Every structure is written in structure tokens, then in C-alpha cells.
Amino acid sequence: MGKRPTGEGGRPAGDGLGAQLHHRSVPSKATMRWVPINRTEGASRGRGGGDPNADRLSALPDTLLHHIVSFLKAWEVVRTCVLARRWRHLWASAPCIDLRDGQDDYGDTPEEFPDFVHQLFRHREASAKLDTLRLRSSNVDGAYEESDSKSWVRAGIKLGARVIHLVGHRSSLAVLEHTAFVSCHLKILKLSYAVLDDNLLRQLSSRCPSLEELDLKDCLLTGHEISSVSLKILIMFKCQINVNMSIAAPNLELLRCISPITQAPSFQNMGSLITGTIVLDDHAFTDDFEDFSKDEFDETTDEDSDNDNNIMSKTRYGFGAPIDGCGLGYKDDYGYGSDIDSDDSTFEYSEIANDCDGNGYEGRVHGSSKGGNRMVYGENSGGSDSKILGGHNVFDSLSNATSLELLADAGEVILTRELKRCPNFSNLKTLSLGEWCMGADFYALVFLLQHSPNLERLFLELKLNFDTRSPLEYGVKPKERSFACKRLQMVRIKCSKDDVRVHKLAHLFRDNGIPVENIFVRRSGSSYLRGEKMMRDLARHELEFWGM
């Protein structure tokens with residue numbers, strides 16, 4: 001393809017709407033460079049004898065070309081109108097409009113951005129359905145304001161958008177216009193750094209009857225209830241909940257409630273749930289909590305990927321069973337991540353059984369630090385039971401699930417409290433548990449296994465830490481240490497090399513009829529040395545912060 005002829009002022013030849021929008025989408029100072037296809041005379045023909053100069057890309061059907069341009073920003077899609085006659089009007093029927101401008105787009109976006117977007121919506125083909133709209137709530141440099149993005153959301157809903165993904169800013173949360181959300185087409189709503197109040201939540205419940213997925217990241221919830229009969233997927237990642245909030249979704253199939261802040265939601269009416277992930281951190285429920293995991297300069301989260309690596313890598317937890325259909329593998333900076341499903345450095349228990357010393361299975365206690373700290377099981381240091389709100393009915397709501405992750409450190413309040421009302425998990429086949437249920441002679445673990453008769457795969461992660469707190473007392477105590485999980489085919493234990501509780505666990509499973517060849521151990525480095533490294537790194541960062 002040779003260089004396209006240009007008219008006066010460097011504009012593409014022709015005066016079509018595509019050419020006009022193309023001019024709007026090209027910054028005045030940008031230099032457009034076109035790379036021609038090799039058209040050397042006498043070039044050899046392809047293997048099939050076809051013309052090597054043929055434009056095979058343009059020969060693809062519209063559905064494939066639309067899929068290709070869905071990876072481009074809206075102004076980049078418009079610029080394709082000058083590639084060839086085949087592409088001249090393709091932008092006008094593109095099913096995806098991505099208006100998100102980021103640091104990588106600096107100097108590349110249209111100068112009169114609101115006018116460009118207005119013309120883009122105005123001149124779309126009337127019969128072309130809009131599938132996906134992605135946008136930011138405002139521009140940090142003032143190129144457009146929140147009032148502009150609200151009008152674009154209204155336009156997208158009017159065009160029948162099936163997916164809307166809105167990204168706000170950490171320093172300025174997006175406030176949505178709840179009256180705009182009236183749609184029988186909207187199925188997926190993704191929000192980052194946005195405020196969800198009672199008006200918006202009621203609108204989504206009553207006026208969006210087709211809504212099946214609600215994905216909330218770093219949002220502020222001031223509404224009291226997420227209620228929907230159509231919702232099938234609910235993801236809440238590091239959302240701050242400032243009120244007593246409940247979730248009622250009778251047809252919900254997948255729930256991920258990861259690291260809620262201030263308080264946890266309560267749950268009710270989730271009889272259709274198949275897969276559940278609950279990650280709790282009592283630190284986040286304290287008054288002085290501050291999330292240091294968010295980069296100071298990382299203003300927004302706008303990932304489109306459904307890969308859980310993107311989500312779980314941002315938590316400080318290193319758990320993870322490979323939940324059916326939802327691969328969860330993540331790793332932290334100290335190699336203590338959830339590669340529990342990896343075969344690297346994974347042994348059959350029989351290969352390490354002889355590592356147990358003659359002191360029994362009670363674990364080792366390292367020398368005390370100057371502050372008197374001792375090595376204990378990994379613990380939360382959050383508030384007391386009376387100060388931690390929400391999380392009610394969590395086990396009852398998960399009772400029909402086939403795959404569960406219940407992840408927290410020792411001393412976690414909500415799961416320990418709700419364990420008293422634990423139902424039978426008759427459908428449960430895959431279970432992943434963390435340190436919270438590994439204390440007190442594994443009472444909580446045994447209790448859960450007694451209530452999971454059809455379990456097939458069990459993933460455990462032991463976590464040593466330095467602390468001075470004592471683990472919470474469990475409200476339950478099994479009458480006996482036996483359980484009947486006759487279908488349990490695999491137990492995988494993730495632990496550090498200096499955690500000898502793995503041997504105590506192996507004996508527990510063996511005494512309950514689990515063959516030792518079905519027990520696997522994934523060992524990480526010494527937690528004692530890892531703790532020392534963390535303290536050194538924290539000290540180094542502190543010195544760098546103060547310029548010392």
C-alpha cells in the first residue's frame with residue numbers, strides 16, 4: 001500500500017466523514033508516517049501462486065476486522081479509514097469504542113477531544129450496535145470533564161451498549177449519573193475508583209434487568225444493598241464499604257470479595273453460587289488503615305483482563321487453589337506467592353517425611369527479638385471482634401458452592417466468628433484454606449472437613465510470622481478429630497521449610513484414611529530469613545524516603 005495522496009493542509013484526499021474525523025483525531029504536531037507494502041516488480045509469488053501484493057487483511061470479513069480494531073483506541077480506529085477503500089467506513093460500525101487516554105497516549109489523542117467524541121457518536125451507522133464502551137471519568141490535564149463522560153455514558157446506553165467500563169481516579173472518584181442507567185441491553189458493568197450510592201444500586205437492580213456481571217475495583221460503596229435477580233458474577237476488589245451493606249443475588253454463580261476495607265459485606269440468598277473467593281484482612285477494618293499497595297503514581301486501574309493474576313497479585317496474600325475455570329496463581333516479592341498449583345519444588349510427602357526431627361510436630365520457636373517477639377503462626381493484627389463489622393451469613397451463602405477459597409491470616413475475626421454457623425457443603429469439591437484455620441490443633445480445619453463429605457481437592461497454606469498476639473479461640477471444637485472425605489484425591493500443602501506443622505497435618509490425613517501418596521508439599525524458603533529480609537527492605541525504603 002503506497003502513501004495515501006493528501007489534499008490541502010495535509011488532510012487525506014476526499015471529504016468524507018471518515019476523512020474529517022481522521023483529521024480531528026490527528027494531533028496538529030503529529031507526523032504521520034506510512035510504511036508501504038513491498039511492491040517490487042518481479043517479486044516471487046506465494047506458495048499458492050497468489051499475488052504477493054494482495055491486501056489479504058482487507059479481504060477479511062467485517063467481524064474479524066472489527067475484532068482487530070477492538071484492541072485500538074477510538075481515535076486509532078478512525079485513522080484506519082485512510083488505509084484502503086475497504087476501511088473507509090469500517091470505523092462507523094466498530095462495536096467497541098475505547099475512549100480511555102493514558103500516559104502512553106500522550107501527544108497522540110485528538111486536541112479537541114470532546115468534539116471528536118461527539119462527532120464519533122453522531123456519525124455512527126444507525127444500524128450498528130455498540131457492544132463495548134470504555135472510558136475515563138475525566139482527564140487529569142483538563143481535556144474533558146466528568147460532565148463530558150456522563151454524556152458519553154448516556155450515548156453508549158442509548159446505542160445499546162452491552163459492556164460499559166468506567167475508570168475514575170484515586171484522587172477524584174467518579175460520581176455516576178444514576179438516571180442514565182436504564183437499559184435492557186447492559187450485561188457487564190465494570191467500575192474502578194467510583195462511588196456507588198443507594199440511588200445507583202437501586203437503579204442497577206430495577207432498571208437494568210439484563211445485568212449479569214458487576215466488577216468493582218477500588219470503589220467506595222455508600223449504598224446499603226446490592227440486590228439483583230439477574231446478576232451472575234460479582235467481583236469486589238479492595239472496595240471501601242462505609243455502611244452496613246448486604247448482597248442478595250439468588251442467581252449469582254461466581255463471587256469474589258477480596259480485601260474489603262472498613263467493613264465486610266453481609267450475604268444472603270445466594271443459592272445458585274458455584275464458585276466463591278473470600279479474602280479478608282483484619283488490618284483493613286481498623287481506623288488507621290492505609291493501603292500502601294497502591295502506587296502513589298498509579299492513578300487508575302483499568303485492566304480489562306479477567307485473569308486473576310492481575311487482581312490477586314495486588315493483595316498481600318499468597319494463597320490460591322486452581323478454582324475450576326478460574327485459575328488463581330500469584331506470587332509476592334518474597335517468593336511466598338500462591339504457586340501451590342505449580343509442580344516446581346513440589347514433593348510427595350513421603351520424600352520429605354524424614355525431615356521431621358525427634359522433637360515431635362509442635363513446630364520450632366526461633367530466638368526472640370529485642371522486642372520479645374517470637375515466631376508464631378501467621379496472624380492478623382486487626383481490631384477486636386466487637387469492632388469488626390459485616391461478613392454475616394458468609395458460610396450459609398456459600399453452602400451450595402463446588403469451589404471455595406477462604407483466605408486470611410491467623411486471628412481473623414469474621415471467618416472464625418461465622419464458623420459457629422457452618423452448614424454442610426454437600427457440593428464442595430475444591431477447597432483452599434489459609435492460616436486462619438490452622439491453629440488450635442487444626443480444630444477449624446477438621447470442622448470444615450467434617451462438613452465437606454464430597455471434597456476431592458484440598459489446598460492448604462501455612463504461614464509463619466513474627467508477632468506477639470495469641471490466636472483467637474475458636475467457637476467450635478470437634479468432638480473427635482476424624483472426618484470422612486472418601487473422595488479426597490489430593491491434598492497440597494504450601495509451607496516454608498522451617499514449618500514442621502506439615503508433618504502433623506500429614507499424620508492427621510493419614511489417620512483419616514488419606515494415602516500418603518495423595519499428599520503433596522510445596523516448600524518455600526525459610527520464613528525466618530524471609531521475615532528478616534522484609535525488615536531490611538522496609539528499613540532501606542524508610543531511609544530512601546527520608547533521603548538518608
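In strand 18, glutamate 405 is the bridge partner of threonine 277. That pair is a handy way into this predicted model, and we can work outwards from there.

**Around strand 18**

Threonine 277 brings in strand 15 (residues 275-279), which pairs with strand 18 in the parallel sense over 5 bridges. Strand 18 also joins strand 19 (residues 430-433), again running parallel, through 4 bridges. Look for serine 403 here: it stands opposite threonine 430 in strand 19.

So is strand 18 (residues 403-407) enclosed or open? Since 5 of its 5 residues are buried, strand 18 is largely enclosed by the rest of the structure. In a regular strand, side chains alternate between the two faces of the sheet. Here Ser403, Glu405 and Leu407 point one way, while Leu404 and Leu406 point the other way, and all of them are buried.

**Strand 22 and its partners**

Further along the chain comes strand 22 (residues 490-496), where 7 of the 7 residues are buried, so this strand too is largely enclosed by the rest of the structure. Which residues cover each side of strand 22? Met490, Arg492, Lys494 and Ser496 sit on one side, with Val491, Ile493 and Cys495 on the other, and all are buried.

Two of those residues help to place the partner strands. Arginine 492 in strand 22 has phenylalanine 459 standing opposite, and strand 20 (residues 457-461) runs parallel to strand 22, joined by 5 bridges. Valine 491, meanwhile, has isoleucine 519 in strand 23 as its bridge partner. Strand 23 (residues 519-524) and strand 22 pair over 6 bridges, also in the parallel sense.

Here are the strand pairs covered in this report, side by side.

| Strand pair | Bridges | Direction |
|---|---|---|
| Strand 15 and strand 18 | 5 bridges | parallel |
| Strand 18 and strand 19 | 4 bridges | parallel |
| Strand 20 and strand 22 | 5 bridges | parallel |
| Strand 22 and strand 23 | 6 bridges | parallel |
| Strand 12 and strand 14 | 3 bridges | parallel |
| Strand 4 and strand 6 | 2 bridges | parallel |

**Two open sheets**

The last two rows of the table belong to open sheets. One of these has 4 strands in the order 4-6-8-11, with parallel pairing. Strand 4 (174-175) and strand 11 (240-241) stand at its edges, each with a single partner strand, so one side of each has no neighbour in the sheet. Strand 4 is linked by 2 bridges to strand 6 (residues 194-196), and alanine 174 has alanine 194 in strand 6 as its bridge partner.

The other open sheet has 3 strands in the order 9-12-14, and its pairing is parallel as well. Its edges are strand 9 (225-227) and strand 14 (266-268); each has a single partner strand, so one side of each is left without a neighbour in the sheet. From one strand to the next, the twist averages 15°. Strand 12 (residues 246-248) meets strand 14 through 3 bridges, and you can spot serine 246 opposite serine 266 in strand 14.

**Helices side by side**

Now for the helices. Two packed helices are described by the angle between their axes and the distance between the axes. For helix 4 (residues 113-122) and helix 5 (residues 146-158), the axes come within 11 Å and cross at roughly 10°. That makes the two helices, 4 and 5, roughly parallel. Where do they touch? Phe113, Pro114, Val117 and Phe121 in helix 4 meet Asp148, Trp152, Ala155 and Gly156 in helix 5. By class, this contact has 6 nonpolar residues, 1 polar and 1 charged.

Helix 11 (residues 443-450) and helix 12 (residues 501-511) pack at an angle of about 30°, and their axes are 13 Å apart. Helix 11 and helix 12 are therefore roughly parallel to each other, and their crossing is right-handed. Leu445, Val446 and Leu449 from helix 11 meet Leu505, Leu508 and Phe509 from helix 12. The contact holds 6 nonpolar residues, with no polar and no charged ones.

Helix 12 deserves one more look. With 8 of its 11 residues buried, it is largely enclosed by the rest of the structure. Among the buried residues are Leu505, Leu508 and Phe509, along with Arg501, His503 and Lys504. After helix 12 comes glycine 513, which has a positive phi, near 85°.

Methods:
Residues are numbered from 1 along each chain as its sequence is written. This is a predicted model: local features need pLDDT of at least 70, side-chain atom pairs count only at pLDDT 80 or more; totals for chains, interfaces and linings use all residues. Side-chain values use heavy atoms; hydrogens and water are left out. Axes are lines fitted to C-alpha atoms, for helices over the stretch in contact, and angles run from 0 to 180 degrees between N-to-C directions. Angles under 35 degrees count as roughly parallel, over 145 as roughly antiparallel, 65 to 115 as roughly perpendicular and the rest as oblique. A crossing is left-handed if the near helix is turned anticlockwise from the far one by less than a right angle, and right-handed if clockwise. Contact means heavy atoms within 4.5 Å. Ala, Val, Leu, Ile, Met, Phe, Trp, Tyr, Cys and Pro count as nonpolar, Asp, Glu, Lys and Arg as charged, and the others, Gly among them, as polar. Buried means under 20% relative accessible area, exposed over 50%, partly exposed in between (1.4 Å probe, protein chains only). Two strands pair if DSSP finds at least two bridges between them.
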